[in-house]
Structures are given as structure tokens and as C-alpha cells.
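Biologist: I'd like to learn how to read a fold without getting lost in it. Could you walk me through one?
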Amino acid sequence: MKRFQIKVCGNNNIENFKEIAAIEPDYVGFIFYPKSKRFVEDESIFEIFPNAEKVGVFVNESIENILEKVEQYKLDVVQLHGDETADFCKELINQKHQQLLTDESFLDFKIWKAVGIKSIEDFQQLTTYQQVVDSFVFDTKSSNYGGAGKKFDWQLLTNYELSTPFLLSGGITLEDAFILKNFQHPRCIGFDINSGFELAPGIKKTDEVKQFIDTIDGRIEQN
């Protein structure tokens, strides 16, 4: 059976994050968008070293600031969640390569582009990103940056035919676990969970996160 990867995003509480890190999801996400309720204010959270890849979420940020955060916090993935163009991604790659050539301590990182989905037309803009992103994150289209915490019509994904893999996001809860365990799309590599598993912004229900991961991995069967 195909194994899906799980990203737990919006971590900003140190004690809660220690519990999330102990569950060992594949990715843990930190939001560097000041207008977000899950914005990382206490930087000591990065003194915790999870057995997971670290994802920095940025919204219309400058390349200079993105690279600074990557180096400072040893981020494995840069997730662009704003209006970043394919040209922006290409320039980010160029500057990343320059940094890798001149700084031995600088770590390589993947680039994910979040895309809001509401209709078939939303997939038409993605062709230009194919060569400049490692994955897409398909979220529910919203007027606010950072997602709406609601589901879009997952049936729309049958219209996605590019080769770039994606993570599914937007309003996922524990109740979706058994459906997503058997999710059928050849390019879906995993799920991005956030507000559907929270007691409050940034405070995750760690028992539900663990149950979700165990269900997706087949350690919990449906009654």
C-alpha cells in the first residue's frame, strides 16, 4: 500500500510542539507570516529538533528574508503561500544555488507552492510552475492568505494531470482519516493538517494527530 506523508502545520507553542515532535510526523510546519494567528513569535521553538523535516511557510516574502530564515532555522522546505509567481520561484532557486556554492554550511531545501482551489480553472495556472517547484499544496481558495480551514471539492483533483506531486490541505479533520487512507490520485503524496486538529490557534490535539497518522499508516482499522 502507498504510504502517505503527513505534515502538521502551524506550530508555535513550545510545550505543545514537543508533544507533536514526539509523534514523529513526516513534516512540521512553521508560519512566518505576521498576520497569521499561528505566526512563530517565540524563536526558541527551533531549539527543539524533531525527527521530521521542517517547513517554513512564507507569504509574499522577499527572497533575502526567506534565505535568511532557511539558514537560521535549518529549514528543509520553503512553502510559498502567497502570490509568488513561477519567475519568483525560479529566482529563489538561482539564489539558493549561489548560496550553496559560496556557503558550505547552507543546506539545500525543497520548494512547495500552495495553490487555492475552487474550480477546474485553478489548475490551468500551474503549468508554468512545473519546473520550479518540488510539490504543490492544494488548499481551499480563500481571500485570506494561509488557508480558510475549509475543504474544497476533492473531486476537482481528477482534473489535475501534471507530473508535479501534491499534498492535500484545507479543513482536514480526524473524521477524514479513513477516507484519505484510501485516497486515489497518482500524484498525491500526503496531507497537510492544521486547524482541524486544534484546541486553539497553534495548540494541536496531539492525541487526534497521532490517531490520524496511525490510521493513515494502517495501524488503526475501521470498525
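Biologist: How are H1 and H5 oriented to each other, roughly parallel or not?

Modeller: One thing up front: this is a predicted model. To read a helix pair, start with the angle between the axes. Helix H1 (residues 14-23) and helix H5 (residues 206-216) have axes that come within 10 Å and cross at roughly 15 degrees. Angles under 35 degrees count as roughly parallel. H1 and H5 are therefore roughly parallel to each other. The crossing of H1 past H5 is right-handed.

Biologist: Which residues make the contact between H1 and H5?

Modeller: From H1 you get Asn 16, Glu 19, Ile 20 and Ile 23, and from H5 it's Thr 206, Val 209, Lys 210 and Ile 213. Sort the residues of that contact by character, and there are four nonpolar, two polar and two charged.

Biologist: Let me try another pair. At what angle do H2 and H3 cross?

Modeller: Helix H2 (residues 63-73) and helix H3 (residues 86-102) cross at roughly 50 degrees, and their axes come within 11 Å. That angle makes H2 oblique to H3. This crossing is right-handed. On the H2 side, look for Ile 63, Ile 66, Leu 67 and Glu 71; they meet Phe 88, Glu 91, Leu 92, Gln 95 and Gln 99 of H3. The tally for this contact is five nonpolar, two polar and two charged residues.

Biologist: Now the strands. In what order do the eight strands of the barrel run?

Modeller: With a sheet, follow the pairing from strand to strand. Here the order is S1-S2-S3-S4-S5-S6-S7-S8, with parallel pairing, and the eight strands close into a barrel. Ignoring direction, neighbouring strands of the sheet are turned by 25 degrees against each other on average.

Biologist: How many bridges join the strands at the start of that order, S1 and S2?

Modeller: Strand S1 (residues 5-8) pairs with S2 over two bridges, in the parallel sense. To find the spot, look at Val 8, whose bridge partner in S2 is Val 28. Moving along, strand S2 (residues 27-31) runs parallel to S3 and is joined to S3 by five bridges. There, Tyr 27 stands opposite Glu 53 of S3. Then S3 pairs with strand S4 (residues 77-80) over four bridges, again in the parallel sense, with Gly 56 bridged to Val 78 of S4.

Biologist: Why is S3 said to be largely enclosed by the rest of the structure?

Modeller: Count the buried residues, meaning those under 20% relative accessible area. Strand S3 (residues 53-58) has five of its six residues buried, so S3 is largely enclosed by the rest of the structure.

Notes
Residues are numbered from 1 along each chain as its sequence is written. This is a predicted model: local features need pLDDT of at least 70, side-chain atom pairs count only at pLDDT 80 or more; totals for chains, interfaces and linings use all residues. Side-chain values use heavy atoms; hydrogens and water are left out. Axes are lines fitted to C-alpha atoms, for helices over the stretch in contact, and angles run from 0 to 180 degrees between N-to-C directions. Angles under 35 degrees count as roughly parallel, over 145 as roughly antiparallel, 65 to 115 as roughly perpendicular and the rest as oblique. A crossing is left-handed if the near helix is turned anticlockwise from the far one by less than a right angle, and right-handed if clockwise. Contact means heavy atoms within 4.5 Å. Ala, Val, Leu, Ile, Met, Phe, Trp, Tyr, Cys and Pro count as nonpolar, Asp, Glu, Lys and Arg as charged, and the others, Gly among them, as polar. Buried means under 20% relative accessible area, exposed over 50%, partly exposed in between (1.4 Å probe, protein chains only). Two strands pair if DSSP finds at least two bridges between them.
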